[in-house]
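Welcome to a short set of exercises on reading a protein model. Have the sequence and the 3D view open, try each task yourself, and then follow the solution step by step.

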Amino acid sequence: MSFFFGNGGMNGGMNGGMNGGMNGGMGGGSFALVLSGSLEEKLGGQPLITGARFPEAGFAPVLAAQMLVAEFAAAWWPKRDEQAYALPPPFNPGIKGAEADLLRRQVTFVLDRMPLRAERLGEIITQADAFDAWWLRLLGGGRAMATLVSAALQIGQMAGMYWKDVYKFPRPVQVYPAIAPVLATPPHASYPSNHSLQSHLIALGAAEVFRRAGAAEAMPAKFLDGIAGRAAENREVAGVHYPCDSRAGEDLATKLWPLLMSLPGFQAALKKAAEELGTLKPGGLPLAPAVTKTPAKPKATKKAPKKASKKGGP
């Protein structure tokens with residue numbers, strides 16, 4: 001016997017960002033859960049359900065993703081400074097004047113992107129407030145894809161924040177206040193760009209999922225990479241990052257990807273997401289349900305002519 005409870009669901013959760021949360025944020029939110037068990041002796045006049053277990057599908061994606069984050073941290077943290085995973089500084093402090101020269105060039109790049117603010121402001125705000133929901137609207141999929149997206153966001157946050165703390169690179173507005181960002185400057189260092197790192201991790205993961213689902217033509221890796229690059233560039237347009245931050249985020253994603261692919265839990269998550277998208281074909285649309293042909297009506301058979309009755313019959 002099965003029993004249902006809860007009311008929220010995926011829609012309530014996946015429409016928020018990392019702050020609002022997928023399915024209610026870090027607290028978890030609510031789902032329609034199925035608990036199966038047996039009705040035993042009454043307790044206080046109500047039946048007691050025994051043998052029930054919390055279903056795997058009941059875990060909110062942002063919470064299920066933390067298992068993947070823990071797996072990544074255990075593998076990456078001891079190796080974070082090794083050359084294969086390390087992020088070089090944005091400039092060579094040993095060269096006299098290099099810092100000032102770099103900053104002048106980077107500030108010029110940011111100023112050159114300012115004319116794009118008007119046309120991209122909607123994207124910029126959405127990607128700042130609900131980055132997970134923005135990606136999921138593009139990728140589709142269900143709980144497994146949402147879990148992968150959340151894992152990429154959390155892993156990117158962890159790895160990016162480590163290097164931000166190492167280099168403490170100033171934000172553009174600290175160097176040239178006239179940049180006047182259209183967003184509040186985030187309360188952490190500029191290099192690398194976490195939006196770039198997270199976007200490229202999501203793009204790599206999504207490309208692998210679509211490839212495994214046999215639907216790579218529906219969402220080509222090159223297209224996803226371009227979307228990740230645009231999301232990173234939007235942070236430059238907003239005035240909160242330099243191009244060197246964006247490049248560093250992309251480079252770090254490329255370095256971390258082989259490590260992620262070596263993790264059993266991450267492989268299992270990719271498999272689940274691919275199974276969710278198994279019905280997709282080029283164009284991104286689900287297969288039409290099979291049409292059952294209506295059986296042909298049987299052909300009418302000619303009735304045998306009635307025999308003429310004999311004269312004098314009854």
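**Exercise 1. Classify His188 by its accessibility, then describe its surroundings.**

Step 1. Please keep in mind that this is a predicted model. His188 has a relative accessibility of 26%. Buried would need a value under 20%, and exposed one over 50%, so His188 counts as partly exposed.

Step 2. Now find its place: His188 sits in the loop between α7 and α8.

Step 3. Next, look for its partners. Setting aside neighbours within four places in sequence, His188 is in contact with Met161, Lys164 and Arg171.

Step 4. Finally, compare sequence and space. His188 and Lys168 are 20 residues apart in sequence, while their C-alpha atoms are 8.1 Å apart.

**Exercise 2. What is the sign of phi in Lys168, and what is it in Ala180?**

Step 1. Start with Lys168, in the loop between α6 (143-167) and α7. Its phi is positive, at about 50°, although Lys168 is not a glycine.

Step 2. Move on to Ala180, which belongs to the loop between α7 and α8. Here phi is near 45°, again a positive value in a residue other than glycine.

Step 3. Add the accessibility. Lys168 has a relative accessible area of 57%, so it is exposed. Ala180, at 42%, counts as partly exposed.

**Exercise 3. Is the peptide bond from Tyr191 to Pro192 cis or trans?**

Step 1. Look at omega for this bond: it is near 0°. The peptide bond is therefore cis.Step 2. Locate the proline: Pro192 lies in the loop between α7 (172-175) and α8.

**Exercise 4. Describe where His241 lies and which residues it meets.**

Step 1. Find His241 in the loop between α9 and α10 (243-261).

Step 2. Check its accessibility. The relative accessible area of His241 is 2%, so this residue is buried.

Step 3. Look at the polar contacts of its side chain. One is with the side chain of Arg171, at 3.3 Å. Another is with the side chain of Asp245, at 2.9 Å.

Step 4. Widen the view to residues more than four places away in sequence. Those touched by His241 include Val110, Lys164, Pro172, Pro192 and Arg235.

**Exercise 5. How are α8 and α9 arranged, and which residues bring them into contact?**

Step 1. Two packed helices are described by the angle between their axes and the distance between the axes. For α8 (residues 194-212) and α9 (residues 221-238), the angle is about 165° and the axes are 9 Å apart.

Step 2. Turn the angle into a word. Angles over 145 degrees count as roughly antiparallel, so α8 is roughly antiparallel to α9.

Step 3. Add the handedness: the crossing of α8 and α9 is right-handed.

Step 4. Name the residues. On the α8 side, the contact is made by His195, Ser196, Ser199, His200, Ala203, Ala206 and Ala207. On the α9 side, the residues include Ala221, Leu224, Asp225, Ala228 and Arg235.

Step 5. Sort the contact by class: eight residues are nonpolar, five are polar and two are charged.

**Exercise 6. Do the corresponding analysis for α10 and α11: what are the angle and the distance between their axes?**

Step 1. The angle is about 90°, and the axes are 7 Å apart.

Step 2. Angles of 65 to 115 degrees count as roughly perpendicular, so α10 is roughly perpendicular to α11.

Step 3. In this contact, Trp257, Leu260 and Met261 of α10 meet Phe266, Gln267 and Leu270 of α11.

Step 4. By class, the contact has five nonpolar residues, one polar residue and no charged ones.

**Exercise 7. Is Ala273 buried or exposed, and which residues does it touch?**

Step 1. Locate Ala273 in helix α11 (residues 264-276).

Step 2. Its relative accessible area is 0%, so Ala273 is buried.

Step 3. Not counting residues up to four places away in sequence, Ala273 touches Ala144, Met145, Leu148 and Val209.

Step 4. Compare with Glu208, which is 65 residues from Ala273 along the chain: the two C-alpha atoms are separated by 9.7 Å.

**Exercise 8. Step back to the whole chain: how many helices and strands does it have?**

Step 1. Count the elements: there are 11 helices and four strands.

Step 2. Consider burial: of the 314 residues in the chain, 43% are buried.

Step 3. Look at the contacts with a separation of 6 or more. Residues 24 or more positions apart account for 79% of them.

Conventions: Residues numbered from 1 in each chain as written. Predicted model: local features only at pLDDT ≥ 70, side-chain atom pairs only at ≥ 80, totals over all residues. Heavy atoms only, no water. Axes fitted to C-alpha atoms, helices over the stretch in contact; angles between N-to-C directions. Helix = DSSP H or I, 4+ residues; strand = E, 2+ residues; numbered from the N terminus. Parallel < 35°, antiparallel > 145°, perpendicular 65-115°, else oblique. Left-handed = near helix turned anticlockwise from the far one by under 90°. Contact = heavy atoms within 4.5 Å. Nonpolar A, V, L, I, M, F, W, Y, C, P; charged D, E, K, R; others polar. Buried < 20%, exposed > 50% of the residue type's maximum accessible area, 1.4 Å probe, protein only. Polar contact = N/O pair within 3.5 Å; in protein donor to acceptor, adjacent residues only side chain to side chain.
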